[in-house]
Amino acid sequence: MKSISTDELNDKVEAGDELHIIDVRETDEVETGMIPGAKHIPLGELPERTGELDPDKQYYLVCQAGGRSAKAAEHLESNGFHSVNVEGGMSSWRGVTVYG
């Protein structure tokens, strides 16, 4: 599984790269802030919502610390998607966050 640090991801965000970020935290967790442009799909909903995703795009998966996003990345990879786990998750994120 590919992985990236929060600092590396933040560099991509600040550079204006076209990114497809999925935040797999629960609703109450995303209320504390998300990475700009991230799509919220709780981990428990991911299996039934993969139809919303494009298998030709690369997805960056983020959670609070990196464990749930690793599971999400594994799930997507096993279903033919390109995924990257964001190590450290939002607890390590030092970039801009947006709220609800």
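Is strand β4 (residues 58–62) largely enclosed by the rest of the structure or left open, and how many of its residues are buried? Select residues 58–62 to find out; the model is a predicted one. In β4, 4 of the 5 residues are buried, so the strand is largely enclosed by the rest of the structure. Buried here stands for under 20% relative accessible area.

**The neighbours of β4**

Add residues 20–23, which form strand β2. This strand pairs with β4 in the parallel sense, over 4 bridges. To see the register, pick Ile 21, which stands opposite Tyr 60 of β4.

Now select residues 82–87, strand β5. β5 and β4 run parallel and are joined by 4 bridges. Two positions fix the register here: Tyr 60 has Val 84 of β5 as its bridge partner, and Leu 61 stands opposite Asn 85 of β5.

**The whole sheet**

Show every strand. The open sheet has 5 strands in the order β1-β5-β4-β2-β3, with parallel pairing. At the edges stand β1 (2–5) and β3 (39–40), each with a single partner strand, so one side of each has no neighbour in the sheet.

**Helix α4**

Next, select residues 67–78, helix α4. Together with β4 and β5, α4 makes a β-α-β unit that is right-handed. Helix α4 lies across β1, β2, β4 and β5, and runs at about 170 degrees to β5.

**Helix α1**

Move to residues 6–14, helix α1. α1 also lies across β1, β2, β4 and β5, the strands that α4 lies across. The direction of α1 is at about 80 degrees to β1.

Which residues of α1 are buried? Highlight Thr 6, Leu 9 and Asn 10. Viewed down the axis of α1, the buried residues fall within an arc of 100 degrees, so they line one face of the helix. An α-helix has 3.6 residues a turn, so residues three or four places apart point the same way.

What do these buried residues pack against? Display β1, β2, β4 and β5 along with α5 (89–92): the buried residues of α1 pack against each of these elements.

Finish at Gly 16, which follows α1. Check the backbone there: the phi of Gly 16 is positive, near 80 degrees.

Key: Residues are numbered from 1 along each chain as its sequence is written. This is a predicted model: local features need pLDDT of at least 70, side-chain atom pairs count only at pLDDT 80 or more; totals for chains, interfaces and linings use all residues. Side-chain values use heavy atoms; hydrogens and water are left out. Buried means under 20% relative accessible area, exposed over 50%, partly exposed in between (1.4 Å probe, protein chains only). Two strands pair if DSSP finds at least two bridges between them. A crossover is right-handed if, with the strands pointing away from the viewer, the path from the first strand over the helix to the second runs clockwise. Contact means heavy atoms within 4.5 Å. Axes are lines fitted to C-alpha atoms, for helices over the stretch in contact, and angles run from 0 to 180 degrees between N-to-C directions. The arc is that of the directions from the helix axis to the C-beta atoms.
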